[in-house]
Structures are given as structure tokens and as C-alpha cells.
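User: Please take a close look at one part of this structure, the open sheet and the strand in it that is joined on both sides, and begin with a brief word on a helix pair. How is that part put together?

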Amino acid sequence: MHTAPRICPLCEATCGLTLTIEGSRVTGARGDRDDVFSKGFICPKGASFAELDSDPDRLRVPLVRKDGELREVGWDEAFDVIAVRLRPLIEEHGPQSVGVVLGNPNVHTMAGGLYPSLLLGAVGTRNIFTASTLDQMPKHVSSGLLFGDALAIPVPDLDRTDHLLLLGANPLESNGSLCTAPDFPGKLKALRARGGTLTVVDPRRTRTAKLADRHIAIRPGTDALFLAAVAQVLFEEKLTDLGPLADHVQDVAEVHEAVRDFTPEAVAAACGVDADGIRTTARELAAAPTGAVYGRIGSCTVEYGTLASWLVDVLNVLTGNLDRPGGALFPLAATDRAPRPAAPGRGFTLGRWASRVSGHPEAKGELPLAALAEEIGTPGENRIRTVIALAANPVLSAPDGDRLDRALDGLDFMISVDPYLNETSLHADVVLPPPPPAQSAHFDFAFNALAVHNQVRFTPAAVPLERDRLDESEILARLILAVCGDHGAEPSTVDALVVDRTLTKAVADPLSPVHGGDPRELASRLTGRTGPERRLDLMLRLGPYGDGFGAVPDGLSLARLLEHPHGIDLGPLRPRVPELLKTRSGRIELLPAPIAADLPRLRGALAARTDTLVLVGRRHLRSNNSWMHNIQALSGGSNRCTLQIHPTDAARLGLEDGKSARITADGGAIEAPVEITDTIRAGVVSLPHGWGHSRPGTRMSVAGRAPGVNVNQLLDGSRLDPLSGTAVLNGFPVELRALL
């Protein structure tokens, strides 16, 4: 028996774990008290690591469809099938006949951070669909328009702020989203303990709301109206103060004019909140020594998600809290590009192309995942005939899963990289299963760039890779080679090509620490046992804290990181404007044209009906979308698929606690058990996301015993935020009736 450190890959908090290992099997997990970031914090998901790692339902070897059935085969045979079938289909029908679907788990693995972009480049398709259009795309779009970079997302400085205004988020259950913060609950408690203020805007009295100084039970989908009214109060009461940021912001007067009509009195009825409460919120935010506004899933997956995301940062700018300690700051990860002198950039553009059937504009190079079924099922040139799904289960996670379920059966070919035979992968012709997480090295590329404290951590595989498995990096590299027509080449050639291209570009860059060097000589100095580790070493050395291949003797490298198994603290977040801006003006463009063009639609919401029953999702501490319902330790308790409803609504509709109700909306109807609770405001009901594990043919025994219902089956995919293409998963109207 021994122990090994491991970064938890099960949510965005990225907590450090200490795994207990007996032989080659993980038998337990506890929080790593020496971890520089999480300092011993652990949640039920992390504590279940051993059970997840050894889940007997995980696939061990590839599956290939033969005579209509998926059968186990060897790895070479699986890739032979891909090479024989995939490349000819691309050559016959063109790259736009391929749709690539990326699920959330991709950003939770090292391979998922390194290879999907290479796969997309190899395929050459514009039909790219990801989980972002089911959750966070509005934030990417608003950041792109404001700052010129869709990945420049400010996060609240939780450890130093005096005031936090939190919308559409329940971090005591989710552990945070687009804000990587181990022990988010502890940070909120510390905020209050030091005399700070927490205001939570949420239609449910969540665990987070119960902790708050003030809970505003808003009507779902009206966050943008609420935030616009807060901005209006700041302007009208002359409470704006941009501070040092003023020289780097344009269009402030234009924003003032744009929000003039959104007075607290004008929005109060639509939001279901008191006008005086809105004014108090604005005044407290402006008066706080430091403050931050933070909005997440509940404010993104609504009809005005991009406008709400934009207004979050507008408020941070107007109060002088953007890019200052205690406010909302931009992290600087160890693998980010090293800072450069401020200069105008290319900006961010929406709608460079559109989907074939409904003409949905792209956002950040992606099309709405809600449109995938119609892109497969509608005949015509460039119809999607082949799907490559990487850790994605859109049959459960996207609207109208039944339609997508049928559409996937009509494909010419489908590849799924997934550890489970789930509701989506069961349609594949080839299923390629990655190994359990303990058998893979781990580095967080995405989440370090969203962390509330700059740090860097790397954990090697805790146990050796079993003989009949392939590392996820090799799986994806071999898939890339098959797409390129290089089937049979060494997978390491993919990594070697990336290293060569990166160093060739770096040595030609006058601002690079290796300018004028020899790419081959530099490559020979990289360390790491594998191609992915060599690429990580390269990124660390050329990054903002890197050793520059010797130019900065005490800088970062993989070798130095390996000397610190619990991570290296890189310091608190620091102001980064203007050097991170990539707008054409070189300034924060506070009222971008696409935002201004969408504001009339928001004005129309002032007169929207408020007497309809609307539905919202909810997060469980013990699950993460659809991919953690097969773990016995995480089932039961509060992790239940029930329809929460307020007592007054239940009485009016004749619903009884524990009995079933039929829920009907645009896309159809489902049935769920009723849970009567006063923790949800009247006029609102709630069902969790990611359930519905009842389709025949899957191999997820624990999930199948308590399948729940798929809330997304209530949607037909027509409700989208127009700027981001994000599905409206919250705040849509439903009808209920009791079942006898």
C-alpha cells in the first residue's frame, strides 16, 4: 500500500487528492493538505474517485459494430476500421460532411486539452459542436466582444473582495463554474466573516442563497433586465467610478443611453423583484471598497444569456472593480502566452459562417449543439454523414434527445471516444475507451486559466497503464493520423510535429526568449516521458513564468514542476489591462455593435407575460451533468431527479408530494415525481439536468437503476440565445398536470 497525489478531474474546482493505492488499484481518496491550491478540501465527488476509477461498467477495449452489434476487438483492428471507412467518406462527401462533438469531460483531461484542436484541423470541418452552447458560450461571446478575446474571462477575486453579487450560480453545490476555486463554500464564508457582503440572485433558495446576506428570488430568465436596472441606477445616481481603468474603456456614455429605459420600476414586474431592492443592490455594490459581480449557468442558459453576461462585466467596469484586486481579475496561467506590450488586435467576430439548415451563425467557431439533429437528418449537400464524438453525450445533454437519437442511427459512420456505452456512444460504429483517470497524467490547461489564484500543478499517472489499454493521448493521436491518411504512423509524430511548429514560430519571434535559436536543438532539450509531457514542458518554458530554455534560470519547466508534487504557488491575481486586450481599438469596447443590436429584444421583455409557470434546472453536489450517475457512492441522498414546486403552485394544480406529474413544453412531455418545497419561488418549477438513463442498449448499471427523466426532452431546440446559439435550458414555459 502507498499513496500518490492526483488532481481531481471531476469538476472545475481541480482539488488536490491523495490517493491510497493497493497494488495497482486505487482504494481510497482524501484531500491533499499540502496542495498549494486546495489545501486539503474535498467534496463527495473527489471522495468517490476510487469507485469511479474502478467502475466495472467502464469499457476496457474498443467496440466495433459488426452485423449490427457492437463487439469487442483489439486496438489495431479498431483503428484499421476507422482508416478504411473514415477517410474515403471525407474524400467522397467533403470535410463538411463530418460533425465533431466535444463534451465537457474533454476539458478535464490532459489529452482533451492537447488534441481536439489538432483533430479539428485535420478534419477541416466547420460543423463543430460542443457543450459550450449548452452552458457557457454567452460568456465567451461577451468577453470576445468586450475584450477581443473569447477566452479572456475575468473571475471574482474571492479571497480579497468585500462584496460579491452572484447570479445564476450555486457554488455550494457546483463548486464553481468559469471560476476555478477549491472550497468555494469556505471562501464565501470567509468573505462574510471578514465583514463582506454576499448577495445571491436566484429563483431558488439554494444552499448558497441560504448563506447570503441577501437573497433576491428573481423570476428566471430576467437576469439581464435586473442587471440593466442596476447599471441604470449607477448612472442616474452618479455612482460610476471607473478608476484607473477609465483610460482603457470606450462607449461609457453610449451604455448610459442604452440602459436609460431600464429603470428599477420598469423591470420590477418582469423580474418579480422590488424596485427598492434593485436600488439597494446598486448602491451597496458601488459603496463597497471592492466588489465583484459573478454570473453563471442560470444567467447564461436563458433567452438573454449573452446580454446578461455582458452586463455582468459592464457593472464590474462601471464600479471600477474590473481588473483590480478584490474585484474581477484575469488569471495568468503557466501555459498562457507570455505577456506582450499592449497593441490593437484583430477583435472578435460573430457569424463568419452559418449552419446549413436553419442558418444559425457560428460563435467562437462553433454551431449550436441544438442544431446537430437537423444537420444530420435534413437531406442536401454537406449533410452531416459522419460524427466524431469525444466524451460527449448529447442525446441526454442537448434539446430533443429523441430526435438526435433517431438521427444518429442514420449516419454513414460514427466514432465515439468514451469510457462508457451510454445513450450516445451506443450509436457508434467504433467506440474507443480511454483508461481510468488514475492511469493518466493530469494537467489542467483550461481551469488554470480561470483560477482565482495563479498556481501550477502536474500529477503523473498514479498507477501504471494496464496492458490492454491505450492512453487517451495515444487514442486521439492515432485518430488524428487516421483522419490525415497516415494510419500506421507512430502516434508520437503528432506531438513531434506540434513541437517543431511551435519552436519554429518561437525562434522567429523577436519577443520570444528563444529568438534566433535552433528549433531542433531546443527540442532536444525538452524533458518528459511522453509526447504530451514534452509538449507541456515546451508550453511551461515559453509561458509567462517559464525558464525560456535557460534565459530565466529560476523559471518554470516540467522538471522543476515535478520537484513540487503538490504544485507551485504563482501568486495572487494581478491587473492585466491593457496588455491582454485584443480589440481593434486596443480598449475595452463597452457597447459592441452586436450587443447594441440585441438590446431592443431585451426591451420587449419588459412587457412579457409573468403568469406562466417556468422551469429551471438545478445542480447537485454529487453529480456533474450526465457523466457521474453511474457511481453508487454518489447516488441517493439529495441527488434525485424530482420536480420541485412551491406549495401554493402544488395546491393550485392538485399535485401531491411523492406523486407524479406530467410536464409539457415545446418539445414534448415527460413525467417526474413531485417534490413540494418552499425553497423555490412560486411560479417556478425545477428539474435537474443530465438524467434520463433509460434507453435500451446502454451499459451503465447504476444509472439504469435510477434513470430519472431527461428534462431536455421538453425542448425542441428552437429556443436559443441568438448571439451565442446557446440553448435556453432555463426559464422556459411549461404546463403541469397531476397523474393519478
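Analyst: In this predicted model, helix H12 (residues 264-271) and helix H13 (residues 275-287) pack at an angle of about 115°, and their axes lie 8 Å apart. The crossing in which H12 passes H13 is right-handed. On the H12 side the contact is made by Pro 264, Glu 265, Val 267 and Ala 268, which meet Ala 275, Ile 278 and Arg 279 of H13. By character, the residues of this contact comprise five nonpolar and two charged ones, with no polar residue among them.

Turning to the sheet, seven strands form an open arrangement with mixed pairing, in the order S5-S4-S17-S16-S15-S6-S7. Strand S5 (69-72) and strand S7 (128-130) stand at its edges and have a single partner strand each, so one side of each is left without a neighbour in the sheet. From one strand to the next, the twist averages 20°.

Within this order, strand S15 (residues 386-390) deserves the closest reading. Five of its five residues are buried, and S15 is therefore largely enclosed by the rest of the structure. The burial concerns both of its faces: Thr 386, Ile 388 and Leu 390 point one way, whereas Val 387 and Ala 389 point the other way, and all of them are buried.

On one side, S15 runs parallel to strand S6 (residues 98-102), to which five bridges join it, and Leu 390 in S15 has Leu 102 opposite. With strand S16 (residues 413-417), S15 also pairs in the parallel sense, over five bridges, and here Ala 389 stands opposite Ser 416 in S16.

Following the sheet outward from S6, three bridges join this strand to S7, and the two run parallel. Leu 102, which stands opposite Leu 390 in S15, also stands opposite Thr 130 in S7.

Helices, finally, pack on the sheet. Helix H5 (residues 116-123) touches S6, S7 and S15, and its direction makes about 170° with that of S15. Helix H20 (residues 472-484) likewise packs on the sheet, where it touches S15, S16 and strand S17 (430-432), with a direction that makes about 155° with that of S16. S15 is thus a point where several contacts meet: it is joined by bridges to S6 and to S16, and it is touched by H5 and by H20.

Methods. Residues numbered from 1 in each chain as written. Predicted model: local features only at pLDDT ≥ 70, side-chain atom pairs only at ≥ 80, totals over all residues. Heavy atoms only, no water. Buried < 20%, exposed > 50% of the residue type's maximum accessible area, 1.4 Å probe, protein only. Helix = DSSP H or I, 4+ residues; strand = E, 2+ residues; numbered from the N terminus. Pairing = 2+ DSSP bridges. Axes fitted to C-alpha atoms, helices over the stretch in contact; angles between N-to-C directions. Left-handed = near helix turned anticlockwise from the far one by under 90°. Contact = heavy atoms within 4.5 Å. Nonpolar A, V, L, I, M, F, W, Y, C, P; charged D, E, K, R; others polar.
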